[in-house]
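Visitor: I am new to this structure. Could you walk me through it, one question at a time?

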Amino acid sequence: FSSRDVMWLLIILGAGLLIRLFLLPTQGHVTDIGSFESWTLSLNKFGVKAFYAQAGFVDYPPGYMLVLWCVGQIYALFFASNDYYHLMFLVKMPAILADIGIGVLIYLIARRQWPGAGAIWAVAVFVLNPVSWFVSAYWGQADSVAAVFLILAIYLALEERFEFAWAALAFAVLIKPQPLVI
């Protein structure tokens with residue numbers, strides 16, 4: 001990779017991250033954000049093992065619960081148990097970070113066939129696309145968390161690292177079942 005490509009990649013990823021961080025305080029999809037917050041607090045209270053038995057309504061597979069468990073550990077470490085303002089930020093962060101990860105993977109995949117400038121444009125089309133910010137940073141949906149593992153699986157398959165590709169695909173399905181069609 002040329003230093004120029006790395007510089008442009010970092011600029012675009014940084015701009016995408018700043019846009020998403022600007023949107024982070026928005027309420028988002030109230031029902032889903034509320035569910036994610038409730039599940040995070042339940043995971044902290046009951047632990048991973050007893051979560052599904054104690055949490056009530058849960059319509060997500062265990063992969064995303066593992067992500068929310070990690071979020072809950074960070075929340076418990078740095079914030080008071082009733083600091084719901086920061087909890088909303090934290091439950092949106094996995095999707096935001098996954099968006100940035102998707103940008104990196106797009107670059108790696110596109111760079112296999114295209115020159116550096118073409119790969120940078122491919123990253124920009126995703127990372128700076130308002131639809132991608134709306135879904136993750138504004139609305140707070142978890143789709144990009146599953147998508148980053150799906151795209152990682154595709155990248156690993158292209159690299160002929162099939163065992164890791166299957167593992168990434170399996171984790172994507174455990175986060176949300178939609179990647180199963182792949």
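Visitor: Which residues have the most contacts inside the largest nonpolar core?

Guide: First, a caution: this is a predicted model. In soluble globular proteins, nonpolar side chains tend to be buried together. Here the largest nonpolar core has 55 residues. Those with the most contacts inside it are Phe36, Trp39, Tyr64, Met65, Leu68 and Val123.

Visitor: Which helix gives the largest share of this core?

Guide: Several helices supply at least two residues each: α1 (3-23), α2, α3 (62-78), α4, α5 (116-127), α7 (143-158) and α8. The largest share is 15 residues. That share comes from α4.

Visitor: How many helices and strands are in the chain?

Guide: Read along the sequence, the pattern is α-α-α-α-α-α-α-α. The count for the chain is eight helices and zero strands.

Visitor: What is the radius of gyration of the chain, and what would a compact globule have?

Guide: The C-alpha atoms fill a box of roughly 50 × 35 × 25 Å along the principal axes. For 182 residues, a compact globule would have a radius of gyration near 16 Å. The chain agrees with that, at 17 Å.

Visitor: What percentage of the residues is buried?

Guide: Buried means under 20% relative accessible area. The chain has 182 residues, and the buried part of them is 43%.

Visitor: Among contacts between residues at least 6 apart in sequence, what percentage joins residues at least 24 apart?

Guide: Phe171 and Gly63 give an example of residues far along the chain from each other: they are 108 residues apart, and they are in contact. Across the chain, among contacts between residues at least 6 apart, the part joining residues at least 24 apart is 70%.

Visitor: At what angle do α2 and α4 pack?

Guide: Two packed helices are described by the angle between their axes and the distance between the axes. For α2 (residues 30-54) and α4 (residues 84-111), the axes are 10 Å apart. The pair is roughly perpendicular, because angles of 65 to 115 degrees count as such. The angle is about 100°.

Visitor: Which residues make that contact, and of what classes?

Guide: From α2 come Ile33, Phe36, Glu37, Thr40 and Leu41. From α4 come Tyr84, Leu87, Met88, Val91 and Lys92. By class, the contact has seven nonpolar, one polar and two charged residues.

Visitor: Which residues does Trp39 touch, leaving aside neighbours within four places in sequence?

Guide: Trp39 is among the residues with the most contacts inside the largest nonpolar core. Two of its partners, Met65 and Leu68, are also on that list. The full set for Trp39 is Phe51, Phe57, Val58, Asp59, Tyr60, Met65 and Leu68.

Visitor: Is Phe171 buried, partly exposed or exposed?

Guide: Phe171 is found in helix α8. Beyond its neighbours within four places, Phe171 is in contact with Gly63, Leu66 and Phe149. Its relative accessible area is 22%, so Phe171 is partly exposed.

Visitor: Which residues does Val173 touch, not counting those up to four places away in sequence?

Guide: Val173 lies in helix α8 (residues 162-175). One of its partners, Pro61, lies in the loop between α2 and α3. Pro61 also contacts Tyr52, Leu174, Ile175, Lys176 and Pro177. The set for Val173 is Pro61, Pro179 and Leu180.

Visitor: What is the phi of Glu160 near?

Guide: Most residues other than glycine have a negative phi, and most peptide bonds are trans. Glu160 sits in the loop between α7 and α8. At 61% relative accessibility, Glu160 counts as exposed. Its phi is positive, near 60°.

Notes: Residues numbered from 1 in each chain as written. Predicted model: local features only at pLDDT ≥ 70, side-chain atom pairs only at ≥ 80, totals over all residues. Heavy atoms only, no water. Axes fitted to C-alpha atoms, helices over the stretch in contact; angles between N-to-C directions. Helix = DSSP H or I, 4+ residues; strand = E, 2+ residues; numbered from the N terminus. Parallel < 35°, antiparallel > 145°, perpendicular 65-115°, else oblique. Contact = heavy atoms within 4.5 Å. Nonpolar A, V, L, I, M, F, W, Y, C, P; charged D, E, K, R; others polar. Core = buried A, V, L, I, M, F, W, Y, C linked by side-chain atoms within 4.5 Å. Buried < 20%, exposed > 50% of the residue type's maximum accessible area, 1.4 Å probe, protein only. Rg over C-alpha atoms; globule rule 2.2 N^0.38 Å.
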